[in-house]
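Biologist: Please take a close look at a single strand and its surroundings. I would like one connected account of how its residues are placed and what it pairs with.

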Amino acid sequence: MSPTASRHATATRPPLRSVLSLYLGLAAGSLVALGCAGSSGPAGAAASTTAPRPDPRVGLRAGPMNTAAQAAWNMRLVSNTPPSKDFIGSTNSDLAFKGKYVIQGNYNGFQVWDLSDPAKPALVTAYLCPASQSDVSVYQNLLFVSAEGTSSRLDCGTQGIRDTVSDERIRGIRIFDISDIAHPKYVANVQTCRGSHTHTVVPDPNDTSVVYIYISGSAGVRSPSELPGCSRLAPDKDPNSSLFRVEVIRVPLAHPEQAAIVGYARIFEGLVAPPRHGEAPEDIAAAKRFADSARAAGAFTANVNGMEFVLPPQFIRPLLDSVVRARGGSGAATAADSAALREALPRIIARFVDQDAPQNGPRPGPNQCHDITVYPALGLAGGACGGYGLLLDIRDPVNPRRIDAVADSNFSYWHSATFNNDGTKILFSDEWGGGGLPKCRATDRPEWGADAIFSLAGNAMVFQSYYKLPAPQTQFENCVAHNGSLIPVPGRDIMVQGWYQGGVSVFDWTDPKHPREIAFFDRGPVDSTRLESAGSWSAYWYNGYIYSSEIARGLDVLELTPNPLLTQNEIDAAKQARLDYLNVQQQPKYVWPATYTVARAYLDQLARSQGLAPARIAEARAALARAETASGAPAREALGRLAAELNAEAASSSDGTRVRALTAVMEELASGR
């Protein structure tokens with residue numbers, strides 16, 4: 001429990017997002033669009049040690065695609081590639097990387113882009129296969145794609161499914177063979193009771209012939225008539241409940257068609273519902289105004305935890321059908337049917353809210369994770385699980401074990417997790433508002449919809465601080481902490497993160513108590529008169545560039561530019577930690593080669609931190625330059641002597657860890673290895 005865990009607690013029941021997700025997996029952000037007028041402003045800023053003021057992100061001109069004004073600091077937009085024709089207007093989701101390709105998920109399927117020229121990504125294939133939300137991962141020659149929504153079809157058809165129970169529905173994982181990446185082959189699927197909102201690839205440390213997948217499914221439980229064995233009863237009523245578990249799928253790499261569920265991780269046992277903060281007062285008032293207007297026009301509304309929501313047709317339609325069937329009728333619902341449903345709605349919503357509550361005792365905690373990030377090199381995982389952040393032991397991948405849990409009333413919805421490279425810290429993001437609402441306004445609290453940073457002390461997570469995008473956004477920009485990854489600068493913890501229409505933010509959290517933004521890129525809102533979904537779903541570093549999946553505008557490629565906060569040597573050193581593939585939720589451990597570039601990066605950091613005297617830094621730079629240009633033993637011997645002297649000085653340095661890292665690189669260079 002963090003030090004702030006009881007600071008703003010008001011509501012312990014799940015938000016409407018959780019309520020409706022039990023039935024359809026809908027996010028609260030899709031229910032209500034709130035907003036007010038925007039403005040325009042400057043579009044750029046020069047590199048510096050302090051962020052530009054006034055912040056150029058504030059008041060950017062609105063517009064679709066690249067007609068919106070842009071603002072950048074310490075980074076630049078290399079290219080923007082719009083979606084292909086079948087994907088225009090459909091939400092772009094997560095990214096996975098393999099070799100020179102990036103695979104971009106989309107609610108209509110996925111697209112594969114060739115990144116050989118980052119300035120001109122080339123479309124390799126656009127695979128039309130609708131699903132919500134089509135999160136993607138790769139492993140060797142296989143591609144895994146999540147499917148959660150009720151309209152996704154096994155045959156990849158675009159006509160959807162209206163029946164409550166259907167043998168044509170897919171909710172789980174699709175598996176594709178991408179040996180020929182231009183022609184993916186759909187080879188298998190694994191059905192799950194709640195579908196797959198996200199998933200995580202987990203290698204087996206003892207068996208390279210298989211891989212495991214952890215399924216995070218937040219939708220309602222399927223009918224056992226559609227998938228036998230599914231149960232929406234609470235565990236105290238049914239020990240085989242489909243709630244409060246994570247499905248573990250085993251995939252034989254040589255025979256992916258044999259993929260199957262082999263375990264159910266019950267990692268939530270003993271957790272009780274944590275305290276949560278309420279909604280912002282202006283949101284409560286605006287939601288009521290919107291609901292009053294919608295109700296007057298015939299819409300259905302519901303009050304959950306003091307906030308009124310307009311219920312979407314996808315939620316209402318099957319309920320009306322049930323009313324018609326209950327009176328023995330058929331066809332369209334009548335006015336009397338609608339009146340009956342309105343009268344029953346409070347009880348129906350209350351039942352959804354309370355369906356997993358025990359008859360006695362406290363309300364249980366989360367019954368599913370939103371996202372799990374595994375760090376196989378350390379045998380650990382971070383579970384972002386609605387109301388909690390979990391630390392898991394995954395050394396036995398079939399049986400992950402919870403070793404710590406933290407809650408914080410400042411957090412609304414624990415969304416994703418990121419470890420730092422040496423595994424001494426973990427960061428969790430909070431998707432307050434479900435990703436569809438503007439939660440970066442000037443009036444929003446900086447610790448709500450933010451990142452929470454924890455240090456790892458043994459098996460315990462210890463709260464350190466929050467990081468939130470520092471530039472206020474308009475009420476026409478959906479904005480909250482979302483997906484990001486490490487940027488592998490040796491000696492520092494630097495992360496890039498997408499904030500939806502808040503843009504892309506790069507920040508340093510080496511000092512976990514004082515995270516600091518060091519670069520950004522942003523566009524104005526899509527529309528200046530209403531809230532439209534857009535922005536960076538994911539912003540990930542991969543082999544030298546930042547790739548951002550822009551929900552509405554396609555694929556952005558960004559590049560860091562040298563500046564006093566991040567030098568060219570540091571950027572070049574990050575580019576030397578190369579990967580063959582990347583699933584960010586399967587976090588790699590970065591290892592840097594012993595090169596002159598890496599050594600110079602450490603020297604730049606020691607100059608910035610004043611960890612060595614200026615004369616010593618100048619001496620080291622000169623020694624590196626001589627050794628790099630000379631081929632003889634004398635230069636290497638001089639480099640080795642200097643490394644030994646610096647190593648002896650490390651104990652008295654204010655930045656001794658970095659001095660020792662520098663000398664280790666210098667010693668390896670001196671040895672000629």
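Modeller: In this predicted model, Tyr-101, Ile-103 and Gly-105 point one way from strand β4, whereas Val-102, Gln-104 and Asn-106 point the other way. In a regular strand, side chains alternate between the two faces of the sheet. Residues on both sides of β4 are buried here, a term that stands for under 20% relative accessible area. The strand covers residues 101-106, and six of its six residues are buried, leaving β4 mostly covered.

Next, the pairing. Strand β3, residues 92-98, runs antiparallel to β4 and is joined to it by five bridges. One of the bridge pairs links Asn-92 with Asn-106 of β4. The connection between β3 and β4 is a hairpin with two residues between the strands. In that turn, Gly-99 has a positive phi of about 60°.

β4 also pairs with strand β5, residues 109-114, again in the antiparallel sense, over six bridges. Here Gln-104 has Gln-111 of β5 as its bridge partner. Gln-104 is among the buried residues that point the same way as Val-102 and Asn-106. β4 and β5 are likewise joined by a hairpin, through two residues.

For reference, there is another covered strand further along the chain. β21, residues 414-419, is largely enclosed by the rest of the structure, because six of its six residues are buried. β21 pairs with β22, residues 425-430, in the antiparallel sense over five bridges, and Trp-414 stands opposite Asp-430 in β22. The hairpin of β21 and β22 has five residues between the strands, and Gly-423 takes a positive phi near 70° there.

Methods. Residues are numbered from 1 along each chain as its sequence is written. This is a predicted model: local features need pLDDT of at least 70, side-chain atom pairs count only at pLDDT 80 or more; totals for chains, interfaces and linings use all residues. Side-chain values use heavy atoms; hydrogens and water are left out. Buried means under 20% relative accessible area, exposed over 50%, partly exposed in between (1.4 Å probe, protein chains only). Helices (H or I, at least four residues) and strands (E, at least two) are DSSP runs, numbered from the N terminus. Two strands pair if DSSP finds at least two bridges between them.
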